[in-house]
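Student: I've got a new model open and I'd like to learn how to read it. Could we start with a single side chain and work outwards?

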Amino acid sequence: MLYNAGLRRQQRRRNPLPRIIFLLIILGGIGFFAYKWQTGNVITVDAGTTLFIDQCTGFVHVHASSSTNQVVLQGLGSIFVPSHHAQHSDTIIIDGCDLDMTVPATINLNINADEIDVFGVSGQMNLTTNGGSIVLVQDTLKGKSVLDNNGGPTIFQGFIDQAANPTFSSNGGSLDISLPKDASFHLKTAGDIDTLTTNFPGLAVTDNTIPDTNIGTSPQATLTLDVNGSSVILHKE
């Protein structure tokens, strides 16, 4: 009887190693998520890179950072957002939505989303929403930038590069454009303007359009307003 009791006690002893391994895995996972929460999802980029985000049924918030070669997707939801280089191009495709990201101060953006805002970035920007808002603050438009909004508000407070040819397109929404007081540009319009509010001299609506007008001195950017029944605010700060 004593022998059998001792045998049963020995059989109850279990190897603690699996529990230890399981605990280490859990702690490692927690540590990984905590690290990713702090550092974000980091994408290394080269000069001249274009970030491409398409068919986002949510928001994309973009802020300039001091980094010259890193895009950081912040927040727990962005940890596993995939990205890849488009073949034979400098475009990086980000397959995600509801993104809050920091980017180099100079980078090109190609974004189609329900809501877009960009702060402190310089580059060619092709931004599209379908009735949402496009907000740009302290940005510089370069190249053939296009801000295309189908029914929603577009707010721009920033600069236009002297060699740029940006187009603000609005279908029934509103355009609120603020430029520096010394801005120089050639203004072109297409479509029908509902109302115009401006403090630039020499601008007035004639037959629902604004005649082509030169503002400032050469060299001049070319600013095109492509509108359909939109209200326009164009003013210098």
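Tutor: Sure. Start with Asn 149: a polar atom of its side chain sits 3.0 Å from the backbone oxygen of Gly 132. That is a polar contact, meaning a pair of N or O atoms within 3.5 Å; within protein, one must be able to donate a hydrogen and the other to accept it, and residues adjacent in sequence count only if both atoms are side-chain atoms. A polar atom of the Asn 149 side chain also lies 2.9 Å from the backbone nitrogen of Gly 152.

Student: Before I trust those distances, what sort of model is this?

Tutor: This is a predicted model, where local features need pLDDT of at least 70 and side-chain atom pairs count only at pLDDT 80 or more, while totals for chains, interfaces and linings use all residues. Residues are numbered from 1 along each chain as its sequence is written, and side-chain values use heavy atoms, with hydrogens and water left out.

Student: And what is the average pLDDT of the protein?

Tutor: pLDDT is the predictor's confidence in each residue, from 0 to 100. The protein averages 87, and 83% of the residues score at least 70. Over residues 27-35 the pLDDT is below 50, and this stretch has five contacts in the model beyond near neighbours in sequence. Where pLDDT is low, the predicted coordinates should not be read in detail.

Student: Back to Asn 149: is it buried or exposed?

Tutor: The scale is relative accessible area: buried is under 20%, exposed is over 50%, and partly exposed is in between (1.4 Å probe, protein chains only). Asn 149 counts as buried because its relative accessibility is 0%. It belongs to strand E11 (residues 146-149); strands here are DSSP runs of at least two residues, and helices (H or I) need at least four, numbered from the N terminus. Contact means heavy atoms within 4.5 Å, and leaving aside neighbours within four places in sequence, the contacts of Asn 149 include Thr 129, Ser 133, Thr 154 and Asn 171.

Student: How many helices and strands does the protein have?

Tutor: Two helices and 17 strands. Buried residues make up 36% of the 237 residues.

Student: Which residues touch the most other members of the largest nonpolar core?

Tutor: A nonpolar core is a set of buried Ala, Val, Leu, Ile, Met, Phe, Trp, Tyr and Cys residues joined through side-chain atoms within 4.5 Å. The largest one has 49 residues, and Ile 94, Met 101, Leu 109, Leu 127 and Leu 179 touch the most other members. Strand E17 (residues 221-236) gives this core its largest share, six residues.

Student: How do I read strand pairing, say around E5?

Tutor: Two strands pair if DSSP finds at least two bridges between them. E5 (residues 91-94) pairs with E2 (residues 50-65) in the parallel sense over three bridges, with Phe 52 opposite Ile 93. E4 (residues 83-85) runs antiparallel to E5, also joined by three bridges, and there His 84 stands opposite Ile 93. E4 and E5 form a hairpin with five residues between them.

Student: What about unusual backbone angles?

Tutor: Most residues other than glycine have a negative phi, and most peptide bonds are trans. His 88, in the loop between E4 and E5, has a positive phi near 55 degrees. At 75% relative accessibility, His 88 counts as exposed. For the peptide bond, look at Ser 218 and Pro 219, joined in cis with omega about 0 degrees.
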